[in-house]
Amino acid sequence: MNNLIKNLAIFTGISFSIFLLSFIVLAWDGPQTSPPTGNTPKPINAGTVGTSQRIEGALNVGGVLVGDTGVIPNATEQTIPTCNSSTEGMQWYDYNSKVLLLCNGTTWGAAGSNLCAELPQGGEWIDSGLGFCVMKYEAKEVGGLATSTPTGNPWININQDQARTACQAIGAQLITNAQWTALARNIETTASNWSDGIVGSGVLARGWAAHVSYGDSWTNTNVASSTGPSCLYNDGADICSSTGNHLYKRTHTLSNGETIWDLSGNVWEWNNDTCSQTNWYSGAAWIEWDNDALSDYEKTNAGSLGNYTSANGAGRYYGCIANGNGFLRGGNWNYGDYAGVITLGLGDAPADLITSVGFRCTVTP
C-alpha cells in the first residue's frame with residue numbers, strides 16, 4: 001500500500017510538472033530585438049480578413065496570392081485605371097491576355113518587356129535606347145490619328161503647330177531637335193549604316209532622295225509608293241526595290257538593333273523646336289556642316305559627332321532666316337545629297353503648309 005501511494009504521488013508530480021512546463025512554453029514570448037542579441041522577428045499571426053498583418057523580410061507564396069478584392073494585383077471585375085503620373089509604376093494583371101502590365105506614366109505596356117513595341121494608339125514604335133520611344137515610320141493619318149505604320153503615304157501638308165497637336169492627341173510629343181540629333185549620332189556611330197561596314201568609311205544611306213542635279217542618276221518626283229521589304233531601296237525615278245545601292249537604302253539601324261525608316265529622304269519632318277538668330281547661323285543658303293560658321297553652336301546642338309558632310313551622306317545646313325522659324329530635318333524625296341540624317345533646314349515658319357513636309361512622334365516612358 002505504501003509503495004502504491006508513493007508511486008501515485010510520483011506520477012501526479014510528473015504530470016503536474018509537464019502541465020506547468022506546457023503552460024510556460026505556450027506563454028513564452030520571443031525576444032523583441034533582432035539577432036545576434038535577440039531572436040528572429042515574430043511569425044505572422046493568423047487573423048481575420050481585413051486585419052492588417054506584417055512580416056519582416058521576403059514572403060514566398062506557393063499558389064495564387066489573394067486579397068480582399070480578389071487575385072492580386074486586381075480582381076477580374078475591376079476596371080484598369082488610367083495610366084498617368086499618379087498611377088506611374090502601378091502593375092496590373094490583364095486576365096484576357098494573361099499579361100502583367102506596367103504603367104510608365106503615360107501608357108500601359110507589358111511589364112518586363114519593350115514598352116515601345118505597341119503603344120495603345122496602335123502602330124509600330126521602337127525603343128531608341130536613348131531614353132525615348134519613337135515612331136518606326138513617318139506618321140500616317142489613320143482615322144484622324146497620327147499612326148506609325150508602313151501602310152499609306154506620310155501625313156503631309158501639315159504645319160508645325162498641327163504636327164505638335166497631332167502627337168499630343170495620341171499621348172505623345174513631336175520629336176525634338178535633341179532627340180533627332182541623338183538618333184542621327186547613334187546612326188553615324190553604328191557601322192552597319194556605312195556602305196563599307198566601317199564607321200566613317202564610305203557613305204551613310206540617305207534613302208528616297210535622288211535628284212540628278214545633286215549628283216544622282218535620276219530624280220524622284222514623289223514620296224515612295226510603299227514601305228516594306230519590297231521598297232527598301234530607291235532604284236530609279238520613283239522605283240522601289242528589295243535590293244540596291246546602299247546610298248539609296250531607306251532604313252538605318254540603331255546601336256540596340258532597332259530599325260527606323262526614312263529618317264533621311266522621303267519627306268521633311270518637323271521637329272518641336274524653333275530657331276533664334278542669336279544662336280543659329282542665319283545665312284540664306286545651303287552650306288556644309290564643316291563650315292566654320294557652324295562651329296560655335298550649330299555643330300554642337302545639331303551636327304554629327306564625326307563632322308561629316310554631304311560627301312559622307314550626312315546632309316547639309318540651311319540658315320535661320322527669321323527668328324522663330326521651325327526645325328525641319330532629313331530632306332525630302334528629291335533633295336539628293338542635300339538630304340541626310342544630319343540635314344537641318346531653318347528657312348520655314350511654323351505656320352507654313354508644305355506638301356513635302358511630315359512629322360514623327362516620340363514618347364518618353
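**Note on the predicted model: sheets, cores and one cavity**

1. Among contacts in the protein chain between residues at least 6 apart in sequence, 60% join residues at least 24 apart. The model is a predicted one, and its protein chain carries four helices and 21 strands. Of the 365 residues of this chain, 42% count as buried.

2. One sheet deserves attention for its order. It is an open sheet of four strands, arranged E6-E7-E21-E10, and the pairing is antiparallel. Strand E6 (125-127) and strand E10 (173-174) stand at the edges with a single partner strand each, so that one side of each has no neighbour in the sheet. Strand E7 (residues 133-135) and strand E21 (residues 361-363) run antiparallel and are joined by two bridges, and within this pair Cys133 has Val363 of E21 as its bridge partner.

3. Strand E19 (residues 344-348) pairs in both senses. With strand E17 (residues 317-318) the pairing is parallel, over two bridges, and here Tyr317 stands opposite Leu344 of E19. With strand E18 (residues 326-329) the pairing of E19 is antiparallel, over three bridges, and Leu328 has Gly345 in E19 as its bridge partner. As background, strands of a sheet pair through backbone hydrogen bonds, either parallel or antiparallel.

4. The largest nonpolar core has 28 residues, and the members that touch the most others are Leu183, Trp280, Tyr317, Leu344 and Leu346. The elements giving two or more residues to this core are helix H3 (177-188) and E19, and the largest share, four residues, comes from H3. Tyr317 and Leu344, both named among these core members, are also the residues that stand opposite each other where E17 meets E19.

5. Trp280 can be followed through its contacts. Leaving aside residues up to four places away in sequence, Trp280 touches Asn177, Cys275, Tyr297, Glu298, Asn301, Ala302, Tyr317, Cys320, Phe327, Leu344 and Leu346. A second, separate core of 21 residues includes Ile158, Leu174, Trp268 and Val363; Val363 is also the bridge partner of Cys133 described above.

6. Two asparagines merit a check of their backbone angles. Most residues other than glycine have a negative phi. Asn157, although not a glycine, has a positive phi of about 55 degrees, and its place is in the loop between strand E9 (145-147) and helix H2 (160-168). Asn266, likewise not a glycine, has a positive phi of about 70 degrees and is found in the loop between strand E14 (259-261) and strand E15 (268-274).

7. Is the setting of each of these asparagines buried or partly exposed? Asn157 is partly exposed, with a relative accessible area of 41%, whereas Asn266 is buried, with a relative accessible area of 2%.

8. A search of the whole structure finds one cavity of 30 Å³ or more, and the volume of the largest cavity is about 50 Å³. Its lining is made up of 13 residues, of which Lys140, Gly152, Thr227, Arg250 and Asn266 lie nearest the centre. By class, this lining has three nonpolar, six polar and four charged residues. Asn266 therefore appears twice in this note, as a buried residue with a relative accessible area of 2% and as one of the residues nearest the centre of the largest cavity.

Technical notes
Residues are numbered from 1 along each chain as its sequence is written. This is a predicted model: local features need pLDDT of at least 70, side-chain atom pairs count only at pLDDT 80 or more; totals for chains, interfaces and linings use all residues. Side-chain values use heavy atoms; hydrogens and water are left out. Two strands pair if DSSP finds at least two bridges between them. On a 1 Å grid over the protein atoms alone, a cavity is a set of points where a 1.4 Å probe fits but cannot get out, and a pocket is an open set with protein on both sides within 12 Å along at least five of seven lines; lining residues have an atom within 4 Å of a point. Grid points are joined across faces, edges and corners, and a volume is the space filled by probe spheres set on the points. Ala, Val, Leu, Ile, Met, Phe, Trp, Tyr, Cys and Pro count as nonpolar, Asp, Glu, Lys and Arg as charged, and the others, Gly among them, as polar. A nonpolar core is a set of buried Ala, Val, Leu, Ile, Met, Phe, Trp, Tyr and Cys residues joined through side-chain atoms within 4.5 Å. Buried means under 20% relative accessible area, exposed over 50%, partly exposed in between (1.4 Å probe, protein chains only). Contact means heavy atoms within 4.5 Å.
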